[in-house]
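Reader: I work on computational chemistry and would love a close look at one part of this model, namely the chain-to-chain interface. Please add a few local details from elsewhere for context, with the cut-offs behind each term.

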2 protein chains.
Amino acid sequence: MNKKAVFIPVALLVLILLNPLHGDEGLWPLNLVPKSILKSRYNFEATPEWLTHLQLSSVRFGGASGSFVSPFGLVLTNHHVGRGIIQNLSTDQRDLMKTGFYARTRGEELKCPGVELSVLQKIEDVTGQILAAEKPGMTSAEAAEARKSAFASLEKQGQERSGLRCAVVQLYSGGMYHLYKYKVYTDVRLVFAPEFAIAKFGGDPDNFCFPRYALDICFFRIYENGQPLSTPQYLKWGTRDLEGGDLVLASGNPGSTGRLLTYAQLEFLRDTYYPFLIEDYQRRRALLQAFGRLGTEQSRVALAPLMSVENSLKAMIGYRSGLLDEALMDKKAEAERDLRRAVEGAPVLKRDYGRAWDEIAAAQKAYAVLFKPLQLFEQGRGFDSVYFGYARTIVRLAEESKKPDGDRLKEFQDANLASLTRRLLSPSPIDDNLEIAKLAGSLAELREDAGTTIEVRWLLGDRPPEDVARELVSGTRLKEPGVRKRYVDQGLEAVYQSSDPMISLALLVDPLSRGLRASYEKEVEAVEVRNGALVTQALFKLKGTSIPPDATSTLRLSFGVVKGYVENGVRIPFATTFKGLYERSMKFGDKPPFELPESFQAKKSALRLDVPLDFVATCDSIGGNSGSPVVNRKGEFVGILFDGNIQSLPARFVYSDELNRSVMVHFQGILEALKKVYDTAPLLDEILGTK
Amino acid sequence: MNKKAVFIPVALLVLILLNPLHGDEGLWPLNLVPKSILKSRYNFEATPEWLTHLQLSSVRFGGASGSFVSPFGLVLTNHHVGRGIIQNLSTDQRDLMKTGFYARTRGEELKCPGVELSVLQKIEDVTGQILAAEKPGMTSAEAAEARKSAFASLEKQGQERSGLRCAVVQLYSGGMYHLYKYKVYTDVRLVFAPEFAIAKFGGDPDNFCFPRYALDICFFRIYENGQPLSTPQYLKWGTRDLEGGDLVLASGNPGSTGRLLTYAQLEFLRDTYYPFLIEDYQRRRALLQAFGRLGTEQSRVALAPLMSVENSLKAMIGYRSGLLDEALMDKKAEAERDLRRAVEGAPVLKRDYGRAWDEIAAAQKAYAVLFKPLQLFEQGRGFDSVYFGYARTIVRLAEESKKPDGDRLKEFQDANLASLTRRLLSPSPIDDNLEIAKLAGSLAELREDAGTTIEVRWLLGDRPPEDVARELVSGTRLKEPGVRKRYVDQGLEAVYQSSDPMISLALLVDPLSRGLRASYEKEVEAVEVRNGALVTQALFKLKGTSIPPDATSTLRLSFGVVKGYVENGVRIPFATTFKGLYERSMKFGDKPPFELPESFQAKKSALRLDVPLDFVATCDSIGGNSGSPVVNRKGEFVGILFDGNIQSLPARFVYSDELNRSVMVHFQGILEALKKVYDTAPLLDEILGTK
């Protein structure tokens, strides 16, 4: 230990004093919850028992969230989270999206093939083990390789020892590593879903908006060994009204935020990333809308993908609006300038961290060159078809399986194989006409953006993309899960000799695609991680370790208060009611997307119209939080998060609790609808424990 | 030990008695030379010293042969073996093929880039180690994998321990494995070459014929550390005349024979293999001839490849003629029937070996399905260009380097990498117009034979193969060895992202190509090796172990006597003379390929016309033996093998010494020409040790 007095420059002191957290900011890992803030601000004791109960009651649902709400494996999530599954269970004869669904008995519950839910059991700090894998003198890329290999062995080991699926989670851009251990469930059945019309009431216009009137819920049940899963850890239903100012806490899997990104990274997102993606989503929205207009069946099959595209598009435009906000960017620039100045002022900090920002900025330049082809090839935007996705997975699975675990592409490492294979072999229905339309649209885009590459010239020649897409889709046999299974079983040789055109396409573009990914991982990602970790360390040293990490699609706790807000001078109350729902529908002539389903038309008189339907609170959230249970101090379920208001979108980069709100379905609204509109007595008994 | 008396069925005894070796048959590994035969038949003691001296004086020259003929690293081989090198040293300004070459001083010797010669130092029996790698219960394919991995580790280990290049050689179709250790030399310089016109006098018409009048020789010198290699082990020049009946022995690297193949394998060769290859060589000959007619320079650059194609074509037609010979095939069928009957008659043999022939026959059926695409893709016959070869090597090198040694394709294992890289980086000149012509021709063939594969459709579309070939050749930058080097250095990522069209082509067809190879190795080769070994074991048990193994492109000794023969009632003496040369030239009006070079025209009067030029002997040989030194009992050099007569070609499958002859340049003819025609006193002094 150096015993000399530590010299703290004035600028640094100023920085420490001037940078408190922004209000209720924070998507907190369950083992990093700031108990002191909860205690001091809300006089709330987040005991280990309280947190563990919430963690074990929280369900990871695809990339989103859900919760156990009965001791019998009953899972509540958003309708829009379960939408793909519900659409897959539908046919042109039985459209569950349109009619809704309720299994009055367990025997009627519908099996959802290919679905996988998981519950986080444990978190372990493995930062030391990961950082020990990096040796002094390694380049960024070498360090990335070393980490990747350490990830793989920790995950595999963890899995072998615990029987749980393990995943290393990188926090603070590489400043911290935790091993997450999940219990995985694969027998999932649909219990209840309302009609799409009420679940998504207000459609795209109301999306990311408040006031709001959507019953965005559905229920599934997990089975194990043919029996409903026993879930002693579940959330009891709320027992008293929510009031303004009440503390509420949300537990879910927010996807990603960019609050710790450097200014150069934000510029990249603003100038390169979002413009390209927004344009791509706009193209796809137009295509899906046009396809839906071809007929009833086309409209049915295009619905779920269209909703998903519309949601992403609106979100990205919102995110980008933050980056286009000069005040926000100035604030970011200023904060970074202050931090860098503080680092520059302390010789040791300067030596260790001084170059990190410039390194990251240089990586953004490299990224800009790679970005478009990376999106088209590796992200598959040039080949927009589930068939291409299957084909590429088949090709890579065969190739990667031959390699030692630590050398494989991340998604093909042992720890991830079961899940990957399940997705690959999913029997979800595929509409070939939709696939042709999507693929043709993306191939046209591909020709425009990458038409000079030899791969694209070979594939398209002078032919219309529609012809090529039709040939590929009508030629492939990958629709049959059994055919996909056969490739998995037979391995590389069968893949290499396949005459399936979709497999050939995947083989054709894979080298280029892998090359782009390798370059990205080496020249961009590895540099961002190494230097991002340095920026974080500098931050920790200067501001303490109480900064929340950016979201990483893993379980997080956020908290805030039930609270309305003022928008353009208009006071918006924190909750809406069924009364407002009927009024809004009438205002738009009961036309889509404001059309009420028959059930709600028929049962209007039965409903207590003043019961709250949706509400808002200041707790932090981002895409992936959809389906998060929101609880009160007692840990009781009081709402299910399904959206953020439009003002919450720029919070991807800078949180502000002045206008930023998460939007929930109110626990009382859910009860009222189940009881009066859907007459689901057994389900009500189950969640209320009344039987 | 089972102490019961061994029961030998009568049929077996008959077999043992009826199957002596056919005359001087046998291409014997240097450690398996049948000393008793040499002793009893020729009263010759092949002492270990005698054999070691010959072994260390023998040089492996590409796929062919040569020998040290002075203590200063001087290597003698055939002009047609050195032809590619001599052509590579030529330009349109200096055509060494036409003019010949002589370096009167060492300073004038011409460096031959990319050439690699080697000398076999040691042979070690590793049969036990290889067979131990195969575990009971393994499938043929698994056993093949296990052997491959054992090969790789033995070779790598051997190399590390001895500093020598090591290669496991599979003998008797898998019945025996030896590890060969080579010293490798890479600084090779041209010393002397006669004019192509005399080296290849008689051209294609006289090829595989006798009487013959070719001075098919040239001299190189190996350097080490900038100095001529010291070679105490070298062959002294003959000191007395050769006479009819003299024992002579040849030491070289015969490529392959098929004398131990089963009847089903011979049928495959006859009905599938040769017909396809003969047609392909005919197409290529026509193409090269047409190209050569375009002008002097075109004629020059097409010469070496044309000679090579013509030679292969004539050889294959000859090989196939054996298989079309009903008497020969009946003899083969009968021998196999007898052997199988003997096996069937002994229960233990039946149990262990009984099914081997049927298994091999089944593998031939699998081979027939794979064969054509395998030739077109994996053997590269559909992409006839050195550029494609370079591109594929680059692609595979990058991919294979990522794998553990034992998992790689054979040619990319550590033991073979230095040599492979040297070939890849060779600065040999490339004529782009010739490449375009060759590639276009093979692409047209590819479209005809594999036009329905998606790879070919993508590559060719509806375009003329000439256009595609021109685009590929004019687009590639692989002409520059430096560019190839850069890919080697930068590895997989650079390859995957390359925009070089030839690299893209290699990437496009590689999966299919690899798949075909994997299928071949698994379904054909592995089955042939496993069951070929069983057939050999049965043969060993029934006929003893004195059967020579088939040729495997490794050092072998063969022996026989200097002897003429009777063809169509005409007695053909064992040697030709310079007199015959002039007569034959005159008979054809001194027109190509019977045109004499100026030197021979000018020096006719100086020559002693009765000096022997070429001669024949009964010793066994096959392609790859070209350049083999032929020695007398004293181990003195008496000739250099350069051909077999037309009757020797069917001996690929069944040897007969009645008409079967190897053709040599006579040691006295070489001296006479060097002295009287070329006036190469220093060279003569060196080989005769007269200075």
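Author: Happy to help: the interface comes before some loops and a helix away from that topic.

This is a predicted model, in which local features need pLDDT of at least 70 and side-chain atom pairs count only at pLDDT 80 or more, while totals for chains, interfaces and linings use all residues; side-chain values use heavy atoms, with hydrogens and water left out. Residues are numbered from 1 along each chain as its sequence is written, and chains are lettered from A and ligands numbered from 1 in the order in which they are written.

Let's begin with the extent of the interface. On chain A, 24 residues are in contact with 24 residues of chain B, contact meaning heavy atoms within 4.5 Å. About 2,100 Å² is buried between the two chains, and carbon and sulfur atoms give 61% of that area. Within chain A, the residues that lose the most area to chain B are Trp458(A), Glu493(A) and Tyr496(A), together 33% of what that side buries. Buried area here is the accessible area (1.4 Å probe) that two parts lose on being put together, summed over both.

Next come the polar links. Between chain A and chain B the count is four salt bridges, each a side-chain nitrogen of Lys or Arg within 4 Å of a carboxyl oxygen of Asp or Glu. Glu471(A) forms a salt bridge with Arg457(B), with 3.4 Å between the closest N and O atoms. Ten residue pairs across the interface are in polar contact, both residues at pLDDT 80 or more. A polar contact is a pair of N or O atoms within 3.5 Å; within protein, one must be able to donate a hydrogen and the other to accept it, and residues adjacent in sequence count only if both atoms are side-chain atoms.

Which helices of chain A each supply at least two residues of the side that touches chain B? They are H18 (454-460), H21 (492-496) and H22 (501-543). The largest share, 14 residues, comes from H22(A). Helices (H or I, at least four residues) and strands (E, at least two) are DSSP runs, numbered from the N terminus. By class, this side of chain A has 13 nonpolar, four polar and seven charged residues. In that scheme Ala, Val, Leu, Ile, Met, Phe, Trp, Tyr, Cys and Pro count as nonpolar, Asp, Glu, Lys and Arg as charged, and the others, Gly among them, as polar.

Now for the symmetry. Chain A superposes on chain B, with an RMSD of 0.1 Å, through a rotation of 180 degrees with 0.0 Å of shift along its axis. That is the relation of a two-fold axis. The C-alpha of chain A nearest the axis belongs to Trp458(A), 2.4 Å from it. The superposition is by least squares on the C-alpha atoms of residues with pLDDT of at least 70 in both copies. The copies meet through the same surface, because 100% of the interface residues of chain A are also interface residues in chain B.

Some local details elsewhere complete the tour. Pro573(A) sits in the loop between strands S16 (570-572) and S17 (575-577) of chain A, and is exposed at 53% relative accessibility. The scale calls a residue buried under 20% relative accessible area, exposed over 50% and partly exposed in between (1.4 Å probe, protein chains only). Leaving out residues up to four places away in sequence, Pro573(A) touches Phe210(A) and Gly564(A). The C-alpha atoms of Pro573(A) and Pro211(A) are separated by 8.2 Å, although these residues are 362 apart along the chain. The peptide bond from Phe210(A) to Pro211(A) is cis, with omega near 0 degrees. Most residues other than glycine have a negative phi, and most peptide bonds are trans.

In chain B, Ser621(B) lies in the loop between strands S18 (612-617) and S19 (629-631). Ser621(B) is buried, with a relative accessible area of 11%, and its side chain makes a polar contact of 2.7 Å with that of Ser662(B). Helix H25 (residues 667-677) of chain B has buried residues too, including Phe667(B) and Val677(B). Just after H25(B), Asp679(B) takes a positive phi of about 55 degrees.
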